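Please look over the sequence and the 3D structure shown below before reading the points that follow. The briefing begins with how strands are paired and then moves from the whole chain to single residues.

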Amino acid sequence: MRIAVIGSGYVGLVAGACFADIGHEVILVDNDQQKITGLNQGQVPIHEKFLPELLARHRGQRLHFSGDLHTAVEASDAVFIAVGTPSTERGDADLSYVESVARGISGAIGRYKVVVEKSTVPVYTSEWIRKIMLRNAAAPDSFDVASNPEFMREGTAVSDFFYTDRIVIGSDTARCTAVLREIYAPLTDGSYYLRPDAIPRPDRAQIPPPMVVTSTKSAELLKHACNAFLARKISFINAVASVCESVGADVQQVVEGVGTDSRIGPRFLNPGIGYGGSCFPKDLRAFRAVAREHGYEFRLLDEVMHINEDQRYRFVQKVRKALWTLRGKRLAVLGLAFKGGTDDIRESPALAVTQALVAEGCAISAYDPAAMDRAREVLTSSVEFASDPYEAARDADALLILTEWEEFAALDLNRLRGLLKYPIVVDGRNLYDPAAMAVAGFTYYSIGRTAVTEEGQQLQSAAARKFKNA
Ligand SMILES: NC(=O)c1ccc[n+]([C@@H]2O[C@H](COP(=O)([O-])OP(=O)(O)OC[C@H]3O[C@@H](n4cnc5c(N)ncnc54)[C@H](O)[C@@H]3O)[C@@H](O)[C@H]2O)c1
């Protein structure tokens, strides 16, 4: 099929490259001419595993990049909208990019086309897209609007596209559903997975993936519900971690016991400095706003967001506790991306913590394997960028781990101890075992576990001490 993808960011670029890989003719459109020029010259604007291979495989063959929306839409059977839907100041989704695309494609529809929401949008957006297109003279029977929410995660986005848990199609007509079924047929009929050059199958993947067909509204809503549920899981375990710290329990042991319950499952139960990124924060705000607009006060979401904010504050407090005062301290920061495997720093808790420490008067030496270029654009002159974790650690008063990159879980601890001014590690991602860190000679603070000193002594919370002495 011929597909136009409007918006060549994380989602559009990955989805477009993957559509080309399953056999479609794809034109990726963006209004950022610099991005289009770079893509045409062979650049890969984001850090994403397997993406360079797919772009090299299909660029100029089945995959084209263009700034010309009209021509791309005219030539296509399906038009996927993958532009950003950031938060407004009120917390609802800013749909002005979606609206502008809907207006732009109205005049280029011609023969029947399916217009697909790939961006995460609030329920009722499909109705608005339809209204806008009709207002701009698109013929009523020349198009349908569908929802095909995207569940890919940055860092594993390409694998997630091919080995998704399910493909959701929200459509209100049989004709439109048939087009979307055809687009995804190489995945749902399993033929893609037989190819020798198929992207490797991750451990847990079920193939072929099931297709869930719903109404357009249900598909729009279930994407928000899904992200809200996952964020709730993260905030829940972070709240449990705070209780663990107060009573002297170990949250990792709690997670093991809770996560092995098949009704709950272990994923998204990683205590840390909270969720971030371009999706969870804004999608929760948007879901909260759309629920309110339609008469339901979704207070549970307020609390999920509140716990998430609090987690960053608690971490800064932990650093203060480890160092007594913060002004003038030199801190090594490992991780700036909102999670491991990506260069995305949008709403990154690692960045927020770094900025809070700068505001407290700390000097920071930071390292991230992929996100430093992006971070340089937003961090002030109080932050130096190091070329590796060890350079960051040199002469620092303490080392902070803020993003769960694999390489941060495998540091040479002897070397690190020799470089730090004081052997203090404050781990916001629980990458190390406290007992092992004590043996390696560190005073080690983490999330939801008792801090230990290099002498192996446990630094108990006031509440736990009170209980013990009672
Ligand atoms: N990033 C993720 O992991 C992820 C996962 C699932 C869903 N989503 C959703 O997908 C959507 C896109 O997210 P993203 O992370 O890819 O955003 P992004 O900011 O990386 O990309 C958006 C792109 O759209 C382009 N654009 C904006 N207006 C345009 C227009 N009028 N015409 C052509 N191009 C235009 C921008 O230049 C940019 O390249 C959002 O709704 C997001 O919530 C994102």
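Two strands are said to pair if DSSP finds at least two bridges between them. With that in mind, Ala4 can be placed opposite Ile27 in strand S2, within a pairing of S1 and S2 (residues 25-29) that run parallel and are joined by five bridges. The model described here is a predicted one, and the values below are computed from it.

**Strands and their surroundings**

- Strand S1 covers residues 2-6, and four of its five residues are buried, so this strand is largely enclosed by the rest of the structure.
- A parallel pairing also links strand S12 (residues 398-401) with strand S13, this time over three bridges, and within that pairing Ile401 stands opposite Asp427 in S13.
- Strand S13 (residues 424-427) is covered on both of its faces, since Ile424 and Val426 on one side are buried, as are Val425 and Asp427 on the other.

**The chain as a whole**

- In terms of secondary structure, the protein chain contains 18 helices and 16 strands.
- For a chain of 470 residues, a compact globule would have a radius of gyration near 23 Å, and the 24 Å found for this protein chain agrees with that expectation.
- Along its principal axes, the C-alpha trace of the protein chain spans about 75 × 50 × 45 Å.
- Of the 470 residues in the protein chain, 55% count as buried, which is to say that their relative accessible area is under 20%.
- Among contacts in the protein chain with a separation of 6 or more, 71% are made by residues that lie 24 or more positions apart.

**Surface and charge**

- The protein chain exposes about 20,900 Å², and carbon and sulfur atoms supply 52% of that area.
- The protein chain carries 53 positive and 58 negative charges, and the mean positions of these two groups are 3 Å apart.

**A buried glycine**

- Gly38 is found in helix H2, which is made up of residues 33-40.
- Is Gly38 buried or exposed? Gly38 has a relative accessible area of 4%, and because buried means under 20%, Gly38 counts as buried.
- Gly38 and Gly16 are 22 residues apart along the chain, and their C-alpha atoms are separated by 16 Å.

**Backbone features in the loops**

- As background for the next points, most residues other than glycine have a negative phi, and most peptide bonds are trans.
- Which residues does a cis peptide bond join? The bond lies between Ile207 and Pro208, with an omega of about -10°, and Pro208 is found in the loop between helix H8 (174-188) and strand S8 (211-214).
- Ala137 has a phi near 75°, which is a positive value in a residue other than glycine, and this residue lies in the loop between helix H6 (125-135) and strand S6 (143-147).
- Ala137 is exposed, with a relative accessible area of 67%, a value that can be set against the cut-off for exposed residues, over 50%.
- Phe268 likewise has a positive phi, near 65°, in a residue other than glycine, and Phe268 lies in the loop between helix H10 (251-259) and helix H11 (280-293).
- With a relative accessible area of 25%, Phe268 counts as partly exposed, because that class holds the values between the cut-offs for buried and exposed.

Definitions and conventions
Residues are numbered from 1 along each chain as its sequence is written. This is a predicted model: local features need pLDDT of at least 70, side-chain atom pairs count only at pLDDT 80 or more; totals for chains, interfaces and linings use all residues. Side-chain values use heavy atoms; hydrogens and water are left out. Helices (H or I, at least four residues) and strands (E, at least two) are DSSP runs, numbered from the N terminus. The radius of gyration is taken over C-alpha atoms; the globule rule is 2.2 Å times the number of residues to the power 0.38. Buried means under 20% relative accessible area, exposed over 50%, partly exposed in between (1.4 Å probe, protein chains only). Contact means heavy atoms within 4.5 Å. Accessible areas come from the Shrake-Rupley method with a 1.4 Å probe; for residues, only the protein chains shown count as cover. Lys and Arg count as positive and Asp and Glu as negative; His and the chain ends are not counted. The place of a charge is taken as NZ of Lys, CZ of Arg, CG of Asp or CD of Glu.
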